[in-house]
Each structure stands twice: as structure tokens, then as C-alpha cells.
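User: I've got a model open and I'd like to talk it through with you. Could you take my questions one by one and show how you get to each answer?

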Amino acid sequence: MTTSHTGTGDVDPAVREELARLRDSIDNIDAAVVHMLAERFKCTQQVGRLKAEHRLPPADPAREARQIARLRALAENAKLDPAFAEKFLNFIIAEVIRHHEHIADAAVNGSTPSANRTTTASPGE
Ligand SMILES: C=C(O[C@@H]1C=C(C(=O)O)C=C[C@H]1O)C(=O)O
């Protein structure tokens with residue numbers, strides 16, 4: 001395979017069709033991932049509010065350890081790199097904990113998060 005193409009304009013039509021078919025599936029999968037993540041965050045926001053109401057800590061490391069062990073096993077069965085699965089879950093959980101900290105701050109201090117809160121930078125920031 002050559003690497004000099006800048007697009008797919010000069011590629012064999014059969015190859016272009018196969019690429020388009022695969023990219024359609026990738027787009028569908030990406031949409032499913034976004035929708036599933038949105039549903040997950042709806043649930044975790046509810047957990048965050050419940051925790052804030054009952055003065056529970058934002059993070060639960062024991063629960064996280066169980067989730068990581070479970071996800072790594074699922075990834076291995078699915079032939080997905082378990083290290084990647086763990087990194088991905090940790091990335092999401094870090095964002096969830098950040099949300100929970102905001103919800104807890106808002107519960108204690110009103111809707112404005114406390115200015116002197118000490119948190120580490122979260123993914124995507
Ligand atoms: C959602 C929770 O809060 C945090 C976020 C988690 C997650 O995103 O799965 C798991 C454990 C907690 O650190 C929870 O305690 O269930």
C-alpha cells in the first residue's frame with residue numbers, strides 16, 4: 001500500500017466503497033458510544049446528587065477497583081487491550097468525580113463552586 005494519497009480520489013472504486021462502508025459503521029459506533037456515555041453521565045449525576053445529600057465522598061476507590069477488574073476481564077474476552085480499557089474507564093471516572101465534587105461544593109456553598117477547592121486537572125481540561 002502506498003502512503004502518498006492525500007484523499008481517496010485516485011483510489012480503486014472497490015477500495016473506496018469498502019472504505020466508505022467501514023466508515024459508515026465507524027460513524028454508527030461513534031454515535032452509539034456518545035449516546036451510551038450520555039446515559040451513563042445521567043446516572044452518575046444522580047449518584048452525585050445522592051452522595052451530596054447524604055454527605056458521602058465523591059470518589060469510591062473500592063467500587064472503582066471492582067469496575068476495573070471487571071472491565072479488564074470483559075476486554076480480554078472481547079480481544080480488546082485491557083490496559084486501554086482500564087485507561088478509558090479511569091478517564092471517564094475522573095470526569096465523574098469532578099462532577100461529584102462540583103455537586104458537593106454547590107450543596108455546601110450554594111451554586112458557585114468554592115474558589116479554594118484543590119483538585120488536579122481533569123481529562124480534557
Ligand atoms: C458513580 C460513582 O462515583 C464515582 C464514579 C464512578 C464511575 O464513574 O463509575 C465509580 C465510583 C466513584 O468513584 C459511584 O460511586 O458509583
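User: Let's start with Pro82. Is Pro82 buried or exposed?
Analyst: Keep in mind that this is a predicted model. Pro82 has a relative accessibility of 15%. The cut-off for burial is under 20%, so Pro82 counts as buried.

User: And which helix is Pro82 in? 
Analyst: The protein has three helices to choose from, and zero strands. Pro82 is at residue 82, and α3 runs over 82-109. That puts Pro82 in helix α3.

User: How far apart are the C-alpha atoms of Pro82 and Ala69?
Analyst: Along the chain, Pro82 and Ala69 are 13 residues apart. In space, their C-alpha atoms are separated by 9.4 Å.

User: Zooming out, what pattern does the protein follow along the sequence?
Analyst: There are zero strands here, just three helices in the secondary structure. Reading along the sequence, you get α-α-α.

User: What share of the residues is buried?
Analyst: Pro82, at 15% relative accessibility, is on the buried side. Taking the protein's 125 residues together, the buried share is 19%.

User: Now the largest pocket. Which residues are closest to its centre?
Analyst: About 770 Å³ of space lies in the largest pocket. Its lining has 28 residues, and the ones closest to the centre are Arg40, Gln67, Leu71, Leu89 and Ile92.

User: Which element gives the largest share of that lining?
Analyst: Three elements give two or more residues to the lining of the largest pocket: α1, α2 and α3. The largest share is nine residues, and it comes from α3.

User: How many of the lining residues of the largest pocket are nonpolar?
Analyst: Split the lining by residue type and you find six charged and three polar residues. The remaining group is the nonpolar one, with 19.

User: On to salt bridges. How far apart are the closest N and O atoms of Arg72 and Glu86?
Analyst: The structure holds four salt bridges, and the Arg72 to Glu86 pair is one of them. A salt bridge needs the side-chain nitrogen within 4 Å of the carboxyl oxygen. Arg72 and Glu86 meet that, with their closest N and O atoms at 2.6 Å.

User: Which helices does that pair link?
Analyst: Arg72 and Glu86 are 14 residues apart, and the pair links distant parts of the chain. Both residues are partly exposed, Arg72 with a relative accessible area of 29% and Glu86 at 25%. Arg72 sits on one side and Glu86 on the other, in helix α2 and helix α3.

User: What about Lys42 and Glu39, in which helix do they lie?
Analyst: Their side chains meet in a salt bridge with an N to O distance of 2.8 Å. Glu39 is partly exposed, with a relative accessible area of 43%. Lys42 and Glu39 are three residues apart, about one turn of the helix, and both lie in α1.

User: Glu18 bridges to another residue. Which one?
Analyst: Glu18 counts as partly exposed at 37% relative accessibility. Its partner lies three residues away in helix α1, about one turn of the helix. The closest N and O atoms of the pair are 3.1 Å apart, and the partner is Arg21.

User: Why does Arg55 count as exposed?
Analyst: Arg55 lies in the loop between α1 and α2. Exposed means over 50% relative accessible area. Arg55 counts as exposed because its relative accessibility is 66%.

User: What is phi for Lys79?
Analyst: Most residues other than glycine have a negative phi. Lys79, in the loop between α2 and α3, has a positive value instead, as does Arg55 at about 55 degrees. For Lys79, phi is near 60 degrees.

User: Last one: how much accessible area do Ile29, Val33 and Met36 have together?
Analyst: Ile29 lies in helix α1 and is exposed, with a relative accessible area of 52%. With Val33 and Met36, Ile29 forms a nonpolar patch on the surface. Together the three have about 290 Å².

How values were computed. Residues numbered from 1 in each chain as written. Predicted model: local features only at pLDDT ≥ 70, side-chain atom pairs only at ≥ 80, totals over all residues. Heavy atoms only, no water. Patch = residues over 30% accessible without salt bridge, like charges linked within 9 Å, V, L, I, M, F, W, Y side chains within 5 Å. Areas by Shrake-Rupley, 256 points an atom, 1.4 Å probe, with all protein chains shown as cover. Helix = DSSP H or I, 4+ residues; strand = E, 2+ residues; numbered from the N terminus. Buried < 20%, exposed > 50% of the residue type's maximum accessible area, 1.4 Å probe, protein only. 1 Å grid on protein atoms, 1.4 Å probe; cavity = no way out; pocket = protein on both sides within 12 Å on 5 of 7 lines; lining within 4 Å. Points joined across faces, edges and corners; volume = space filled by probe spheres on them. Nonpolar A, V, L, I, M, F, W, Y, C, P; charged D, E, K, R; others polar.
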